[in-house]
Amino acid sequence: MAFMVKTMVGGQLKNLTGSLGGGEDKGDGDKSAAEAQGMSREEYEEYQKQLVEEKMERDAQFTQRKAERATLRSHFRDKYRLPKNETDESQIQMAGGDVELPRELAKMIEEDTEEEEEKASVLGQLASLPGLDLGSLKDKAQATLGDLKQSADKCHVM
């Protein structure tokens, strides 16, 4: 309701104030956009062309970053066996299909994988136990193995 009143009264107010202006014609309708910017027509066209090129470059970089993020998400989905996401796949396809992760992200993933592999191994589990010295345990195991070899050499049955 307020919109209708505003449009009806606003249009009439503009007409009224325009006629009270004393007949001044500002001439803005005669000026082109280039003259309004203070440039020649050729400069203005070059400026507009440059703006379009910059926008295309920004859009391409943005699309590439979105594809890199989608690749990272799909990597983690594969790693943790989560369901795939179609939007990630479409973002990768929009960027050209084969998207490589930035070096920093690839390095982070590699470090995470190494840490998880260490924790998953038996030695990694043993290392996490408090009060256990792996160095002394390794030395004892090697000494025992050396004793077994010596006793096997002395054995006449074998």
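Buried means under 20% relative accessible area, exposed means over 50%, and partly exposed is in between (1.4 Å probe, protein chains only). We're working on a predicted model, where local features need pLDDT of at least 70 and side-chain atom pairs count only at pLDDT 80 or more, while totals for chains, interfaces and linings use all residues. Residues are numbered from 1 along each chain as its sequence is written, and side-chain values use heavy atoms, with hydrogens and water left out.

**Exercise 1. Sketch the overall fold.**

Take helices (H or I, at least four residues) and strands (E, at least two) as DSSP runs, numbered from the N terminus. The protein chain then has seven helices and zero strands. Next, check burial: 8% of the 158 residues of the protein chain count as buried.

**Exercise 2. Work out what R73 pairs with, and how covered the partners are.**

Start with the rule: a salt bridge is a side-chain nitrogen of Lys or Arg within 4 Å of a carboxyl oxygen of Asp or Glu. R73 and D88 fit, with their closest N and O atoms 2.7 Å apart. This pair links distant parts of the chain, since R73 sits in helix α3 and D88 in helix α4, 15 residues apart. Now for cover: R73 has a relative accessible area of 35%, so R73 is partly exposed, whereas D88 is buried because its value is 3%. Widen the view and you get a salt-bridge network of R73, R77 and D88.

R73 has another partner to find. A polar contact is a pair of N or O atoms within 3.5 Å; within protein, one must be able to donate a hydrogen and the other to accept it, and residues adjacent in sequence count only if both atoms are side-chain atoms. The side chains of Q91 and R73 make one at 3.3 Å. Q91 belongs to helix α4 (residues 86-94) and, at 18% relative accessible area, is buried.

**Exercise 3. Find salt bridges that stay inside helix α3, and give their spacing.**

First, R41 and E45 meet through their side chains at 3.6 Å, N to O, in a salt bridge. They're four residues apart in helix α3 (residues 41-79), so about one helical turn separates them. R41 is exposed at 59%, while E45 is partly exposed at 44%.

Then take D59 and K55, whose salt bridge has its closest N and O atoms 3.1 Å apart. Both lie in helix α3, four residues apart, or about one turn of the helix. Here D59 is partly exposed at 38%, and K55 is partly exposed at 45%.
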